[in-house]
Structures are given as structure tokens and as C-alpha cells.
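Me: Please take a close look at the place where the ligand is held in this model, and describe what surrounds it and how that site is built. I would like one connected account rather than a list.

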Amino acid sequence: MKAIKEKSLVIIKPDALQRGLIGEIIKRFEKKGLKIVGLKMMRLDKALLAEHYNHHKDKPFFKDLAKFMSSSPVIVLCVEGLNVINAVRLVCGSTKASEAEPGSIRGDLAMSTACNVVHASDSAATAKKEVKRFFKKDELHEYDKSEYTHVYAEDERK
Ligand code: CMP
């Protein structure tokens with residue numbers, strides 16, 4: 001796979017939907033120069049949440065996290081780009097939103113650790129699993145983005 005086609009999964013969480021922040025959050029990824037290759041609204045059921053947050057299943061906050069994440073629909077995005085997993089994490093900011101860096105999504109738009117407006121894949125291995133978990137093959141789109149010639153240098157696009 002070309003490095004520029006690295007993919008990451010983003011979930012715009014129920015608190016962001018309730019607070020009218022969907023557009024603001026998507027805008028941040030678009031302005032960064034990332035390519036959105038998948039986007040949909042869905043409601044996360046118990047089974048999907050148990051799988052997605054399996055690594056947190058024994059944590060004291062798991063029950064509240066599952067309740068919160070199913071309290072409204074969410075928006076799921078698959079974004080693509082060079083070093084996209086790390087770039088998306090930086091754009092999102094630290095999990096503990098009250099301490100997240102100013103300029104990041106959480107730093108600018110949130111105060112809570114639980115209600116931290118977005119989820120993003122944290123590694124290449126996780127991203128692969130998460131993209132597959134939330135998107136069917138035919139829901140991911142390949143297309144040329146005209147601005148790429150100005151977002152990346154020629155050697156980065158190869
Ligand atoms: P997310 O990126 O979706 O991954 C796991 C989520 O668990 C995290 O964002 C937070 O929403 C939530 N979370 C992590 N740590 C805590 C905590 N200490 N208390 C409450 N929620 C947490």
C-alpha cells in the first residue's frame with residue numbers, strides 16, 4: 001500500500017452531535033489536508049461497542065462509556081493521507097480534553113475525558129481493524145483529490 005493511502009478511523013461522538021459540532025470537526029480534518037474516503041451516520045449497538053472497546057471492558061468507566069456512545073447516533077469517518085494516524089491524533093489532541101493542547105479539536109471544543117467529542121485510531125494495527133469494523137469495502141471510496149498537488153510534495157505522493 002502507498003504510504004499516502006494510510007487510513008484512520010474517526011468517530012464523532014454523541015456529545016459532538018448534541019452540541020452541533022459535526023461540521024466544525026469535519027472542517028478541521030479537511031483543512032489539515034486529509035482525504036475523507038468514508039463517511040456515515042450510525043448508531044452503535046452493544047455488540048459493536050463491546051468489540052470496539054474490548055480493551056476497556058474491565059475498566060470502571062466501561063459501562064458509562066458504552067451507555068454514552070449509544071446515547072445518540074455517531075458519525076464515522078475514514079480519512080486517508082501520509083502518516084494520517086499520527087496526524088489525526090494530533091488534530092484531535094489528548095484524551096483528557098481539559099488538558100488537550102489549544103488548537104486541537106479536544107483542546108478547543110471539549111473539557112471532559114469521557115465526553116471528548118472524537119475517537120481516533122491509535123496505531124496502524126488498530127486502524128486496520130477499526131476501519132474494517134465500521135466500513136464495508138463498498139463504503140470506502142477511491143478518488144483523486146485535486147488539492148493533493150498542493151498538500152504534498154511530488155515525492156510524498158509517489
Ligand atoms: P476514545 O478515544 O474513544 O477511547 C476510549 C474512551 O474511553 C476515551 O476516548 C474516553 O472517551 C473514555 N475514557 C478513557 N479514559 C477514561 C476515564 N478515565 N474516565 C472516563 N472515560 C474514559
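Reply: In this predicted model, a polar backbone atom of Ala-114 lies 3.1 Å from an oxygen atom of the ligand, and a polar backbone atom of Thr-113 is 3.2 Å from an oxygen atom of the ligand. A side chain takes part as well, since a polar side-chain atom of Lys-13 is placed 2.8 Å from a ligand oxygen atom. Considered alone, the ligand exposes 460 Å², and the protein buries 75% of that area.

Around the ligand, the shell consists of Lys-13, Tyr-53, His-56, Phe-61, Leu-65, Thr-95, Arg-106, Thr-113, Ala-114, Asn-116 and His-119. Sorted by class, this shell comprises four nonpolar, five polar and two charged residues; Lys-13 and Arg-106 are the charged members, while Tyr-53, Phe-61, Leu-65 and Ala-114 are the nonpolar ones.

The ligand sits in the largest pocket of the model, whose volume is about 620 Å³. This pocket is lined by 28 residues, and those closest to its centre are Lys-13, Thr-95, Arg-106, Asn-116 and His-119, each of which also belongs to the shell around the ligand. In the lining as a whole there are ten nonpolar, eleven polar and seven charged residues. Several elements of secondary structure contribute to this wall, with at least two residues each coming from helix H4 (62-69), helix H5 (84-92), strand S4 (118-120) and helix H7 (124-134). Leu-65 of the ligand shell falls within the range of H4, and His-119, also of that shell, falls within the range of S4.

For comparison with the ligand site, the second largest pocket has a volume of about 500 Å³ and a lining of 18 residues, among which Met-1, Lys-7, Lys-128, Val-131 and Leu-140 lie nearest the centre. Helix H7, which supplies at least two residues to the lining of the largest pocket, gives the most to the lining of the second largest pocket, where it provides five residues. By class, the lining of the second largest pocket divides into eight nonpolar, one polar and nine charged residues, whereas eleven polar residues are found in the lining of the largest pocket.

Notes
Residues are numbered from 1 along each chain as its sequence is written. This is a predicted model: local features need pLDDT of at least 70, side-chain atom pairs count only at pLDDT 80 or more; totals for chains, interfaces and linings use all residues. Side-chain values use heavy atoms; hydrogens and water are left out. A residue is near a molecule or strand if one of its heavy atoms lies within 4 Å of it. A polar contact is a pair of N or O atoms within 3.5 Å; within protein, one must be able to donate a hydrogen and the other to accept it, and residues adjacent in sequence count only if both atoms are side-chain atoms. Accessible areas come from the Shrake-Rupley method with a 1.4 Å probe; for residues, only the protein chains shown count as cover. On a 1 Å grid over the protein atoms alone, a cavity is a set of points where a 1.4 Å probe fits but cannot get out, and a pocket is an open set with protein on both sides within 12 Å along at least five of seven lines; lining residues have an atom within 4 Å of a point. A molecule sits in a cavity or pocket if more than half of its atoms lie within 2 Å of its grid points. Grid points are joined across faces, edges and corners, and a volume is the space filled by probe spheres set on the points. Helices (H or I, at least four residues) and strands (E, at least two) are DSSP runs, numbered from the N terminus.
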